[in-house]
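Reader: I am new to this structure and would like a close look at a single part, taken slowly. Could you begin with one place in a loop and then work outward to what surrounds it?

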Amino acid sequence: MDRNQIKKWLESPGKMGHKYSLWAVYFCTGCGIIEIPPVITSRWDAERFGVLPAPSPRQANLFLITGYVSVKTLKAIIKTYEQMPEPKYTVGFGSCPINGGMYWDSYNTIKHLDKYIPIDGWIAGCMPRPEAIFIAVTHLWTLIDKGMAKGYVKYRENYGRYRENQEKALGKLEWPRLFPIKDENE
Amino acid sequence: MLIQSILIIAFGGAFLTYILGKASSALRDFLAVLISVSLTVLIFLAYGKTGEIAFASFMNLPLVLRINHLSWFFAIAIQTVTTLSVIFSLSYMKGKERVDFYYLMMLLCNSAMLGIVLSGDFVSFYIFWEIMSWSAFLLISYNRGGALYAGMKYIVMSIIGSMCMLIGIMSLYSTYGTLNIREIHDLISTASGEYLLFISILFLAAFGVKSALWPIHVWLPPAHSEAPSPFSAVLSSILIKMGIYGFVLILYVISGAALYLGLGGGSFRYILTLLAAITIIIPTFNALMQDDAKRLLAWSSIAQIGYIILGISIGTSLGLIGGLFHFFNHVAFKALLFLAVGAIEYRTGTRDLNSLGGLIKKMPVTFIAVLAGTFGLIGIPLTNGFVSKWLIYKTLILNNHPFLAFAALVGTWGTILYSYKLIHNIFLGQLPENLEHTKPAPASMKLPFIILSVVIVLFGILPGIPLKLINLITASLGFDLLNINIWGIASESGPLNIINIFAAFAVALIVVWFFFLISGKKVVISQDNSYAAGIDVPKGKYHYTVDFYNPMFRMIKPYFRDYMDEFYSQLVKALASLSDRVRRLYCGDLGVYVIYIVLFLSILVISKIGLNLW
Amino acid sequence: MVTVMKILEIIVSPLVALIVGIFFLGLFRKMMARIQWRYGPPLIQPVIDLVRLFNQRGFSHGAVFDLGIILSLAGALVLVLFIPIGGMCPLANSGGLLVILYVMLFAPIGIALSGGEGANPNISIGISRKLILTLSYEVPFIFIILSLMSYYQTISIVEIVKAQAHYHWSLFSPLFLSGVAYFMILPAMLGIRPFDMASAPQEISSGIDVEYGGKYLAFSQIEHALSLFIVIALFVNLFLGGGNLPVFLLKMLAVFVCGVFIHASFPRFRIEQATKYLWFWPTIISFISLIVIQLIR
Amino acid sequence: MNKEFKQELESIFRDITVNITDDVTPVIAAAKPQILAILRFLKDKGYGHLAMISCVDWLKEAQFELVYLVSAYLKGDNEEPGQEKITILLKTRIDRDNAELPTAIPVFENAEPYEREIHELFGIHFTGHPRLLPLFLEREYKIPPFRKDFDSREYVKEVFDKIPFVEDKE
């Protein structure tokens, strides 16, 4: 905890708090979840970085989308993302959420996930190894530091368009809009 | 002169409302409320008066009316509860049939209770006691169907009780020639220990049945859940307290503190406190297992009666004050809880704890009422329940009764569990679809809620007000005065000082609330935005209340089944089969009867001549 | 002068409780990590978590949802004032152990009320387990408190601590059995592993904390830290004769470390097994000790 | 065992061809009307377990081929020798456009999800099936996706690629 760390803490405690205490939603969206257990257990301890699996999205501020996203899982991902409290970050694992990966032509998988929910960080690799995950976490730190990890603000401002895309892919959604219409245009 | 006017108005008013009811229901409702309110005012005026008037004579026995602090204390409690439940039943009884009969019985029962408390001799006491029992019976079986069985059970047990009392009264009359309570009090000191024990057991049997002491409590749960809600509020908060009045009457007014302690060589007191301790434990665990709100409250009434009797039968001044104060508190929060459950039943049509939920959004005032009631029931600091329970615990511990103190403390935690079950299953959690459009409780129901909640909190923070009066009562019963300040009792070993607790808690609450407000914004969301593992909240299936403490049930079910109930039903079956056999003797044809006569005569002859027995 | 000291104490003791409680949470996670061969988070990780949680906008389900959590934290703070912490005990003379037993009700009821409003079956299951667990460990706990009261013939906790200073710790006095029973129910009161079924992250996604978001979760963590501190402080005061502040904190640390080892080495009980256990062994031991005390008196 | 079993089958049912591949699993090819009768016969013979129904899309011959896998479920090895545990393949061909087939539920109740799946993915209508609802897919498809003439790339272009990216306002 050298001097500029303390200076940073005093200047922007919120940012530093988010950096060193990333609680990830414990939701296995795709095949990548098999990489998470070694990350959080004794071989590659993620708790050193303050990363913990959070039992419910209400307590989390990091959402790891691990692996391909099928149409059915997208509905659950959107619901979970909307249930997380406001400053929240999402990280996409592997190539499938980026552009569909090897399921690029499949009728049943979502190709570009960031059409439906904002993604702050990507990790390449068809299931990245734990070291890659930690590099991603450190990158997320720099993003947060520079204030570029603004996925949730983008979601709030363009919620109408996101909602449209979601309903194009999934048909009518049962739950009401997260942000009422008036937030949209002002 | 005041006492006679009170009773005349009460009885006259009851019959007047019945007659006027034939004319127009609005007039009847207005009259019922007018009478109750005027009686409350009259009794209020009678504060501090003591006196005795012989108002009539029955077979050259003077019927005497008597008022002192003790009877005033009980009278004001009776009258306030009846007034509030009459106001409550204005809207509750709107659509139902036979409402005139209901009001008649309600006011009759109220006036009978006033009569009991104001009576100065045992004959009038017994007359009013019978009127009360019968009017309560007619009201319990008001809803026909299951209520008849409950009423039958109630009336059979209370008849047995009043028979014992009658024997007691007759033996008193035969030994002392008078039935005036004051005269008996002077003469009783000369009585032998065994006679006093015999009289006490007889009277306490009657009062035990009425106040649902543990072995003779079986009539209470069905009676309370079958009676119409306004009356079950009166029944459970006041009617069973007549037994408590009886206890105090016999143990302290008649025999006096010294005699009571020496009764049966001190063993009588020990047995009574043990019974009271059992009355706390077993009904509390039974209340945990109930799924019907009113049955749960009925079982909790029995448990709280255990506390009161424990306080009274300990025999110390602090215990008596604690017992009487707990009686007053229990009247407040039990009436509140039963009226609130009545309001919920009135609005949602059901009181089954497994199918209600989420009503806090629809009936907020009722929620606040139930919250205040349960906080008082549990005895959370800053409610009146805390002060009275604290007094009872203090005497138990200082007089070295650790096992009774254990029963009382475990009872408190049991109370927490079943009262939280009441709050959670009715008000918290998901609002089921069929309750989507329940309207809040009507205004005439909200008035009793507010009054009783204020009473609970006010006497919790300033316990000095009622304690001063109770102090006078215990002084009149032969105990020494305790110095009571407005905030609590400043007795020597470890004073109870509400002001410290109140101030500490208020400051902590303000600090935490301020810290809560400044620490960031919050987003208010509705109930169907709850976390359901990624899917939308499944409507109607997402509310967990069905047998709320299931793991606990499986553990304690075999031990806390109501053995006494089973024992009594076996007893009744045995009696029925016995009487059935006796019935077969009369088989109807003449020849058999002739044989009986001849047989009997021959036995007579043989015993006279052969064995010359007499 | 005395009142100034008292006001000072009223301010200082909750702060001490907060700091020590949160330090214990950090130590808890660090020790658990080291037991599992992990490096583990820095000791001040709970503080970082709290700062982050306060920065997040939590979701609220209504007025009772907020009031419940405030009530439970206020209850925990008030309770700290009644417990002597190394020589300073601001509200010692108003009610003693009885009031402590009663003010202990606030935290569970506050949490239960606020959780109930959260309208989530996980919460309801968590609350019903927590209340059943509390009822099951209250039975032996009350026996222990009664045996203490009747042994020292007082209901004030300060006198019990003074009495222990003269003779010896009540753990080695005839109250030994009560001390053993108290240590057996300590995991249940702390809510650690063998008895943490009320907030089990895997089964009921952390039970009561499911709907707690930003500042609500922060308040719940603070309340958890405070109750951790209170339970251990009560044990140290009643059985290890809590001396002045440093000695008192050292004793608390020792008890806490034993608690962490129990947490690390036990699987989680089901709620019926917990009740069966708590109503059998600890209750019998504390009952015997109560009888022994009665015979002595 | 398979030889007598084969003669017995051929004797009862007309124009079915039974050949035993790798001299263990008999493969019965039958016409659409005989399917239920054969299934009932096999069930009575002790082959009470319908393991799977699968479908093959022969685009060129414009036919669907349905394969029923039936096996003896509870046959321990101490049963009489003729009945040891073998699976039987029952194949049938139906034409492709507005394909429909009587449901096998009267004989095997557990055929219900298999038929729902085939209905959803191949578009074969099973007459008499109580609940032909969608089973897996979230969205509606004009051409059922497992058919050979369903062009997945086309579908992706037409559905997913048309959804625009969400750029920030500035």
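**From a loop in chain B outward**

Author: In this predicted model, Ala533(B) sits in the loop of chain B that runs between β5 and α22. Its backbone has a positive phi of about 50°, although Ala533(B) is not a glycine. Most residues other than glycine have a negative phi. Is Ala533(B) buried or exposed? Ala533(B) counts as exposed, because it has 12 C-beta neighbours inside 10 Å, and a residue is called exposed when that count is 12 or fewer.

A useful companion to this residue is found in chain C, where Ala119(C) lies in the loop between α5 (106-117) and α6. Ala119(C) also has a positive phi, near 55°, in a residue other than glycine. The surroundings of Ala119(C) are described by another word, however, because with 28 C-beta neighbours inside 10 Å this residue counts as buried.

The two elements that flank the loop of Ala533(B), β5 and α22, lead on to the side of chain B that touches chain C. Both β5 (522-524) and α22 (550-560) of chain B supply at least two residues of that side, as do α17 (384-398), α18 and α21 (498-518). The largest share, 11 residues, comes from α18(B). In total, 57 residues of chain B are in contact with 58 residues of chain C, and among the four pairs of chains that touch, it is chains B and C that have the most contacts. By class, the residues on the side of chain B divide into 38 nonpolar, 16 polar and three charged.

The helix α18 of chain B can be followed across to chain C, where α18 (402-427) of chain B is included in what covers the buried residues of α13(C), together with α6 (121-152), α8 (176-190) and α12 (271-278) of chain C. Which residues of α13(C) are buried? They are Pro282(C), Thr283(C), Ile285(C), Ser286(C), Ser289(C), Leu290(C) and Ile293(C). Because these residues cover an arc of only 165° around the axis, they lie on the same side of α13(C). An α-helix has 3.6 residues a turn, so residues three or four places apart point the same way. The length of the helix can be checked as well: the 16 residues of helix α13 (residues 281-296) of chain C should span 22 Å at 1.5 Å a residue, and the end C-alpha atoms are 23 Å apart, which agrees.

Back in chain B, the path leads from the surface to the interior. The largest nonpolar core has 305 residues, and those with the most contacts inside it are Leu336(B) and Ala408(B). Helix α15 (residues 317-348) of chain B gives the largest share of this core, 19 residues. Once its neighbours within four places in sequence are left aside, Leu336(B) is in contact with Ala369(B), Ala372(B), Gly373(B), Phe449(B), Leu452(B) and Ser453(B). A second, separate core of 45 residues includes Ile78(A), Trp122(A), Tyr152(A) and Val166(D).

The mention of chain D in that second core invites a last look at this chain, which has four helices and seven strands. No contact joins chain D to chain B, and the closest C-alpha atoms of these two chains lie 14 Å apart. Chain D does not touch chain C either, with the nearest C-alpha atoms of the two 23 Å apart. Where chain D does meet chain A, the contact takes 12 residues from chain D and 17 residues from chain A, and the side of chain D has seven nonpolar, one polar and four charged residues.

Within chain D, buried residues make up 21% of the 170 residues. One of its residues, Val70(D), is found in strand β4 (residues 63-71), and Val70(D) counts as buried because it has 24 C-beta neighbours inside 10 Å. Not counting residues up to four places away in sequence, Val70(D) touches Leu42(D), Tyr47(D), His49(D), Leu50(D), Thr87(D), Ile88(D) and Leu90(D). Met52(D) is 18 residues away from Val70(D) in sequence, and the two are 7.5 Å apart in space, C-alpha to C-alpha.

How values were computed. Residues are numbered from 1 along each chain as its sequence is written. Chains are lettered from A and ligands numbered from 1 in the order in which they are written. This is a predicted model: local features need pLDDT of at least 70, side-chain atom pairs count only at pLDDT 80 or more; totals for chains, interfaces and linings use all residues. Two residues are in contact if their C-beta atoms, placed from the backbone, lie within 7 Å. A residue is buried if 20 or more other C-beta atoms lie within 10 Å of its own, exposed if 12 or fewer, and partly exposed in between; C-beta atoms are placed from the backbone. A nonpolar core is a set of buried Ala, Val, Leu, Ile, Met, Phe, Trp, Tyr and Cys residues joined through C-beta atoms within 7 Å. Ala, Val, Leu, Ile, Met, Phe, Trp, Tyr, Cys and Pro count as nonpolar, Asp, Glu, Lys and Arg as charged, and the others, Gly among them, as polar. The expected span of a helix is 1.5 Å times one less than its number of residues. The arc is that of the directions from the helix axis to the C-beta atoms.
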